[in-house]
Amino acid sequence: MTSDSGASPVTSVIDLRGRDAAGLTRAALEGVLPRAALDVEHAVELVKPITEDVRVRGGAAVREYTQRFDGVDLPGTRVSAEELEHALGTLDPGVRDALEEAIRRARVVHEAQLPRSSATAPADGLGVTTKYVPVERAGVYVPGGLVVYPSSVVMNVVPAQAARVESIAVTSPPQKEFGGLPHPVVLAACALLGVTEVHAAGGAQALAMFAHGTDECRPVDVITGPGNVYVAAAKRILQGTVGIDGENGPTEIGIIADHTADPAFVAADLIGQAEHDELAACLLVTTDPDLPRKVDAELERQLKTTKHLERVTTALSNQAAYVIADDLAAALKISDAWAPEHLEVQTENAAATAAKVRNAGAIFVGDYTPVSLGDYLAGSNHVLPTGGTARHTSGLSVYPYLRVVNVIECSRDSLNGVASRVDSLGGSEDLLAHVAAVRVRVPKESQ
């Protein structure tokens with residue numbers, strides 16, 4: 001249903017009261033809680049020939065797929081320095097100010113994430129130093145579908161820069177209305193960040209361009225950035241050739257709320273997430289059985305002025321639900337089972353409740369910390385795990401751009417002291433050349 005019918009589009013109420021909290025597991029709630037289906041495997045079948053074609057034919061294949069899928073015939077993918085400068089020069093001053101502040105805040109957060117090298121001595125004469133080495137080159141994908149995302153430029157480029165990646169390339173789908181260039185605000189965000197290599201290419205062909213290289217784009221070591229199911233499929237195919245940040249799917253929000261939650265805030269946040277995509281998933285888990293009715297009333301009121309009404313109501317009708325739980329312990333178990341990309345906590349003592357959350361891409365604590373703040377200006381990253389992958393995957397940070405390298409240095413005496421243990425372990429694995437590589441340095445008779 002839509003707001004035109006005089007009713008909220010969220011019609012699904014899932015009453016989980018009376019269930020033992022310990023039994024509210026992922027397995028028990030499989031198929032109970034709403035989430036858009038994303039058939040990445042089917043998309044892999046469609047995308048694999050594209051990535052292979054780009055591997056073989058390079059830039060020619062990228063340009064052909066760009067013409068086929070985007071309706072733009074480009075002589076090349078590279079955006080000129082003049083076009084980047086023009087985009088920045090014509091950027092709305094208010095948008096520029098907001099982007100500059102978003103960049104500043106993101107730098108503060110991501111610079112603080114940088115791990116420090118550590119030097120240890122597991123034994124006398126043995127030193128192991130753990131250092132973090134950035135990849136040499138990163139590729140950033142910025143989507144260009146229903147919504148333009150200059151904020152995604154910030155969220156991907158800033159952590160790469162904080163990690164001290166030497167070479168960063170950005171790609172974004174070409175737009176017919178802008179002469180085959182990516183959206184001007186995306187170009188302007190790149191220019192603000194000092195990114196000079198930008199490509200007009202989207203979809204699987206753009207990721208294959210990054211992974212395999214073309215005449216205009218050197219191969220990268222890591223690809224990051226969100227996208228549609230075809231982008232996710234390309235990441236799955238190319239992982240191993242390059243590192244990836246994760247297979248980001250349709251966006252989602254979970255809200256844990258009690259009797260203190262403001263229904264207007266809850267409704268606004270549900271609408272805000274549904275605005276992204278018809279496949280967006282929205283889940284309110286509440287201990288207050290009256291809150292769904294109050295949120296319904298607010299949805300009906302707020303939807304009257306919602307710009308992207310069809311998109312919002314489709315998402316709220318198909319992948320949204322109110323879940324009623326006995327208490328906060330049960331609500332937390334339900335939320336952890338769903339493992340949302342974004343989780344808002346609007347409860348009494350919200351910080352204490354949030355501290356008990358295990359599975360979420362990012363947690364937004366209290367009435368005045370909406371997800372939209374995190375999308376733009378919290379300084380935290382908005383590229384987050386979706387589809388329940390927050391159980392095992394983190395949001396984007398400096399870490400996908402870094403590698404752990406251990407540097408080991410051992411003295412002769414220290415090696416001599418552990419040689420008999422190498423004898424034992426190497427012998428147990430029947431890897432006698434391993435043993436010999438030690439014994440050629442410290443023969444048994446020297447002990």
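I began at Arg236, which is partly exposed with a relative accessible area of 33%. I note that the model is predicted.

**Arg236 and its partners**

I looked for the acid that pairs with Arg236. Glu247 forms a salt bridge with Arg236, and the closest N and O atoms are 2.7 Å apart. Arg236 sits in helix α9 and Glu247 in the loop between β8 (243–244) and β9 (252–257), so the pair ties together parts that are 11 residues apart in sequence. Glu247 counts as partly exposed, at 26% relative accessibility. I then found Glu41 joined to Arg236 and Glu247 in a network of salt bridges.

**Other salt bridges**

I counted 17 salt bridges in the structure. One pair is Arg57 with Glu64, where the closest N and O atoms are 2.9 Å apart. Arg57 is partly exposed at 34% relative accessibility. Glu64 is partly exposed at 43%. I also checked Glu216 and Arg63, whose side chains meet at 3.6 Å, N to O. Glu216 is in the loop between α8 and β7 (222–224) and Arg63 is in helix α3, so this salt bridge ties together parts that are 153 residues apart in sequence. Glu216 is partly exposed at 24% relative accessibility.

**Asp269**

I turned to an acid without such a partner. Asp269 lies in helix α10 (residues 263–274). Asp269 is buried but has no salt bridge, and Arg301, the nearest side chain of opposite charge, is 12 Å away. What is Asp269 in contact with, leaving aside its neighbours within four places in sequence? I found Ile253, Ile255, Glu344, Gln346 and Pro370.

**Helix α2**

I compared the span of α2 (residues 40–57) with expectation. Its 18 residues should span 26 Å at 1.5 Å a residue, and the end C-alpha atoms are 25 Å apart, which agrees. I did find a kink of about 40° at Leu46, shortly before Pro49. The buried residues of α2 include Val40, Ala43, Val47 and Ile50. I traced the packing of the buried residues to α3 (59–70), α8 (203–212) and α9 (229–238). Just after α2, Gly58 takes a positive phi of about 65°.

**Helix α12**

I listed the buried residues of α12 (residues 309–318): Arg311, Val312, Thr313, Ala315 and Leu316. They pack against α10, β10 (281–286), α11 (291–303) and β11 (320–324).

**Cysteines**

I searched the whole structure and found 0 disulfides. Why does Cys217 have no bond to Cys190? The sulfur of Cys190 is the closest cysteine sulfur to that of Cys217, but at 13 Å it is too far for a bond. Cys217 is buried at 1% relative accessibility. Cys410 is partly exposed at 40%.

Key
Residues numbered from 1 in each chain as written. Predicted model: local features only at pLDDT ≥ 70, side-chain atom pairs only at ≥ 80, totals over all residues. Heavy atoms only, no water. Helix = DSSP H or I, 4+ residues; strand = E, 2+ residues; numbered from the N terminus. Buried < 20%, exposed > 50% of the residue type's maximum accessible area, 1.4 Å probe, protein only. Lys, Arg positive; Asp, Glu negative; His and termini not counted. Salt bridge = Lys/Arg side-chain N within 4 Å of Asp/Glu carboxyl O. Contact = heavy atoms within 4.5 Å. Disulfide = S-S within 2.5 Å. Expected span 1.5 Å × (residues − 1). Bend = angle between axes of the 7 residues up to and from the residue.
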